[in-house]
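Me: Hi! Could you take a look at this one with me? I'd like to talk through some side chains.

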Amino acid sequence: MNFPLYIAKRYIISNSKNNAINIINRIASLGIIVGALALFVVLSVFSGLKDFSLSFTNAIDPDLKASSILGKSFLISTAQENEIKNIEGIVSFSKIIEERVLFTFNGKQEVTYLKGVDRNYNVVNGIEKKLFNGQWLKPDTYQVVVGYGIAQKFSMGLLDFNNQLEVFVPKPGKGAIENPEQAFNKTALIPVGIYAISEDLDSKYVFADLSLAQELLEYKSNQVSGIEFKTKTGADEAAIIEQLQTIFSHKIDIKNKAQLNASLYKMLNTENIAVYLIFTLVIVVALFNLIGALIMMILDKKGNLKTLFNLGTEIKDLRKIFLLQGTLLSFLGGIIGLVLGILIVLLQQQFQLIMITPSLAYPVVFSLENVGIVMGTIVLLGFMASLIASSRVSKKLLD
């Protein structure tokens with residue numbers, strides 16, 4: 001049996017004759033448990049907040065999105081569509097057109113995005129589930145679905161035939177505009193639905209049929225500004241992107257959800273790292289108690305250590321006793337703290353004990369990744385603290 005490990009386990013289980021040392025040991029253990037508990041709960045909360053924040057953009061963002069690198073639009077042939085359908089991992093795809101245009105309603109104006117979508121858009125995005133009122137638009141019509149924010153700005157209802165929602169799109173071309181009335185393509189639209197996702201997105205898009213957007217922008221029937229893809233869970237994203245690039249001769253740029261919202265992901269990840277570092281610092285401070293407890297234990301067991309040394313035990317093995325003792329204390333404290341933290345997180349998920357609003361529970365997510373991060377942090381820092389304390393064992397101390 002490993003001699004230092006055997007002695008370390010005995011020191012953990014047995015109490016010292018000095019009651020003050022026992023109290024210090026309990027305080028050190030409690031600090032590790034509370035530190036692990038707090039770190040896991042906070043990481044779970046931030047994972048929940050991250051998922052909650054991304055749920056708004058994920059409602060409208062595809063798994064992959066292709067756009068032209070040579071201009072605003074590109075052409076897609078029937079042969080290319082058939083090749084896309086044969087790619088392993090792609091569930092469905094939708095051709096889209098996005099363009100900033102002018103909308104007017106009852107004397108009010110708003111510049112925002114017209115987004116033309118085909119009949120597959122619902123399969124790719126599932127935005128129909130986000131409808132606040134009305135219904136989704138029908139293909140090959142002048143129907144549109146507007147955001148809740150736009151509807152509020154216009155004080156607009158659905159199927160209002162007394163006041164028309166009009167769209168003005170600049171005509172493509174060069175040279176000076178001689179007649180302003182002929183500078184725009186315009187048409188009247190019929191709002192049939194209102195979607196509600198988030199404050200920003202509710203004021204960003206007006207959804208229309210793809211053919212209507214092509215007509216207003218004077219695009220060809222196979223001309224689009226982007227293609228959105230829905231992929232299978234666990235699909236090889238890199239392989240799909242490579243095949244798509246080959247189909248379009250590397251003339252398109254393809255982004256996933258994270259790349260489409262790079263700034264949001266960066267902000268959330270930075271916040272997560274900052275909170276982790278702050279609570280790690282708290283654990284470091286708590287582990288000073290462990291260093292103190294181990295040093296007190298070394299002094300208390302000085303007579304035993306001297307006996308072991310005289311019997312032939314090397315100094316490095318004596319140091320290893322307290323190194324293992326501190327590491328085991330950290331490990332056990334981390335396990336207990338994690339069990340308590342997991343219990344709190346699961347109770348919040350199941351029973352919604354803490355609420356942000358009367359209808360919205362504080363979001364938390366149980367993640368094995370967070371379990372690994374907390375356990376790794378506690379054990380690593382505990383090992384370093386134990387290494388510092390065990391270095392106090394020396395021949396000079398035993399003489």
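Reply: Happy to! Lysine 316 is exposed, because its relative accessible area is 57%. Keep in mind that this is a predicted model.

Me: Cool. Which residue does lysine 316 form a salt bridge with?

Reply: Its partner is glutamate 314, with the closest N and O atoms 3.8 Å apart. Glutamate 314 has a relative accessible area of 45%, so it counts as partly exposed.

Me: And how many salt bridges does the count come to?

Reply: Nine salt bridges. One of them joins the side chains of lysine 232 and glutamate 88, at 3.6 Å from N to O. Lysine 232 sits in the loop between strand S11 and helix H7, and glutamate 88 in the loop between helix H3 and strand S3, so the pair ties together parts 144 residues apart in sequence.

Me: What about lysine 115, which residue is its salt-bridge partner?

Reply: Glutamate 228, with the closest N and O atoms 2.9 Å apart. This pair links strand S4, where lysine 115 is, to strand S11, where glutamate 228 is, 113 residues apart.

Me: Are those two buried or exposed?

Reply: Lysine 115 and glutamate 228 are both buried.

Me: Switching topic: where is glutamine 348?

Reply: In helix H11, which covers residues 315-351. Its relative accessibility is 7%, so it counts as buried.

Me: What does its side chain have a polar atom 3.0 Å from?

Reply: The backbone nitrogen of leucine 353. Leaving aside residues up to four places away in sequence, glutamine 348 touches residues including Ile354, Ala361 and Tyr362.

Note on methods
Residues are numbered from 1 along each chain as its sequence is written. This is a predicted model: local features need pLDDT of at least 70, side-chain atom pairs count only at pLDDT 80 or more; totals for chains, interfaces and linings use all residues. Side-chain values use heavy atoms; hydrogens and water are left out. Helices (H or I, at least four residues) and strands (E, at least two) are DSSP runs, numbered from the N terminus. Buried means under 20% relative accessible area, exposed over 50%, partly exposed in between (1.4 Å probe, protein chains only). A polar contact is a pair of N or O atoms within 3.5 Å; within protein, one must be able to donate a hydrogen and the other to accept it, and residues adjacent in sequence count only if both atoms are side-chain atoms. Contact means heavy atoms within 4.5 Å. A salt bridge is a side-chain nitrogen of Lys or Arg within 4 Å of a carboxyl oxygen of Asp or Glu.
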